[in-house]
Amino acid sequence: MIREEIECFFYFVKMLLIPLIFYWIMAYFPFKNRISWYIHTLFTSAYTFMILFINDWTELSYYLRPVCIVLFGCSLFRQMVTLRSFKFNGLNRKTRIFLSLYGLLAIYQVFICILFSISYITSTPKHEDAVDLAFPLKGGAYEVVNGGMSSSMNYHFSHRTLKYAVDITKLTPLGSRKGIFDNPESLKSYPIYNDSVYSPVEGRIIEVVDGVEDNVPNSLGRSTTNMIIIKHQGYNILLLHLKKNSLLVKKNDFVKVGQEIAKVGNSGYSSEPHLHVHAIKHDNMRDYFNGTSVPITFNGNYLKRNDLLFNQTLIFR
């Protein structure tokens, strides 16, 4: 409980308090010259870029993310309107030292952004190499917690068999993935818990696991998880962390796209209710997990962290 409160405070400082301070400075601080404004704007832009694309906003509220974009744009516009009134004044020694250090910090932040962008772009596979799936959840707003072509956005990315996996959660009306005032150790505090899971492809069920207890949130279970594996066009489509005794199919059943097959749970190596989906090219007939991860798209879209879907449609990213 204490750990969760500390993490929430950390996210509040990093993703809300610090940006607000930066935006206020950019909009209202009486800069003495253009150089100081340029350096601050450069750093603030790079910092905003990183928190918008890398951090998971459902720790606080997903809806603060577009608010952050609007505030950044407004503060930038306001200061650009008054930029003509700035004069290039002489800089004393202390100011030059401060601006030099701040400038180096800004350059470092921009460098990290560039590296992230290059990594993301160069690692994005071609659509023809991907297996296209139907989004397996319906009714409500869903957000991608882990997904994308970078380990900073998707912790699965460094694993051969999980590289293109995605983790999906559901938003509360306030934009978080659990009720803010609900018991964080209750499964019912997470709106995705017990949601119906629908088959994302047409194919044959080649493996099912059931009977594994759902974990208490914020505690990890063992590696064995309730799951369904569907054989589809030579690929294995895996859906993990399902709810105990919720599976509606059995091995060798044939399923159609959109057919209800289970409920979302929190079984296996999972700290809170969510749905994990990935696809592999099968390499080992005895081990359905052993294979090379295959890129997946949902209704033609690669999903990455902070992508928002409503009723199976991608509406914001």
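In this predicted model, Val294 touches a scattered set of partners: Asp129, Val131, Tyr164, Tyr235, Ala279, Ile280 and Lys281, leaving aside residues up to four places away in sequence. Val294 itself belongs to strand β11, which covers residues 291-294. Is Val294 buried or exposed? Its relative accessibility is 6%, and because buried means under 20%, Val294 counts as buried. The fold also brings Val294 and Ile237 to a C-alpha separation of 9.6 Å, although their positions lie 57 residues apart along the chain.

A step back to the whole chain helps to place this residue. The secondary structure comes to 4 helices and 14 strands, and the C-alpha trace spans about 80 × 45 × 30 Å along its principal axes. Of the 317 residues in the chain, 50% are buried. Among contacts between residues at least 6 apart in sequence, 71% join residues at least 24 apart. The accessible surface comes to about 16,000 Å², and carbon and sulfur atoms account for 62% of that area.

What lies inside? In soluble globular proteins, nonpolar side chains tend to be buried together. Here the largest nonpolar core has 31 residues, and those with the most contacts inside it are Leu137, Ile228 and Ile230. The elements that give two or more residues to this core are strands, including β1 (131-133), β6 (227-232), β7 (235-240) and β12 (296-298). Which strand gives the most to this core? That is β10, with 3 residues. Ile228 offers a good view of the surroundings: among the residues it touches are Ile205, Val208, Ile237, Leu239, Leu247, Val249 and Ile261, again not counting residues up to four places away in sequence. A second, separate core of 23 residues includes Tyr11, Tyr23, Phe43 and Tyr62.

The helices deserve a look of their own. Two packed helices are described by the angle between their axes and the distance between the axes. For helix α2 (residues 34-53) and helix α4 (residues 93-123), the angle is about 35 degrees and the axes are 9 Å apart. The crossing of α2 past α4 is left-handed. On the α2 side, the contact is made by residues including Ile39, Leu42, Phe43, Phe49 and Phe53, while α4 contributes, among others, Leu99, Tyr102, Leu105, Val110 and Phe116. Which kinds of residue make up this contact? The residues divide into 17 nonpolar, 5 polar and no charged. Phe43 thus appears twice in this account, in the second core and in the contact of α2 with α4.

Methods
Residues are numbered from 1 along each chain as its sequence is written. This is a predicted model: local features need pLDDT of at least 70, side-chain atom pairs count only at pLDDT 80 or more; totals for chains, interfaces and linings use all residues. Side-chain values use heavy atoms; hydrogens and water are left out. Axes are lines fitted to C-alpha atoms, for helices over the stretch in contact, and angles run from 0 to 180 degrees between N-to-C directions. A crossing is left-handed if the near helix is turned anticlockwise from the far one by less than a right angle, and right-handed if clockwise. Contact means heavy atoms within 4.5 Å. Ala, Val, Leu, Ile, Met, Phe, Trp, Tyr, Cys and Pro count as nonpolar, Asp, Glu, Lys and Arg as charged, and the others, Gly among them, as polar. A nonpolar core is a set of buried Ala, Val, Leu, Ile, Met, Phe, Trp, Tyr and Cys residues joined through side-chain atoms within 4.5 Å. Buried means under 20% relative accessible area, exposed over 50%, partly exposed in between (1.4 Å probe, protein chains only). Accessible areas come from the Shrake-Rupley method with a 1.4 Å probe; for residues, only the protein chains shown count as cover.
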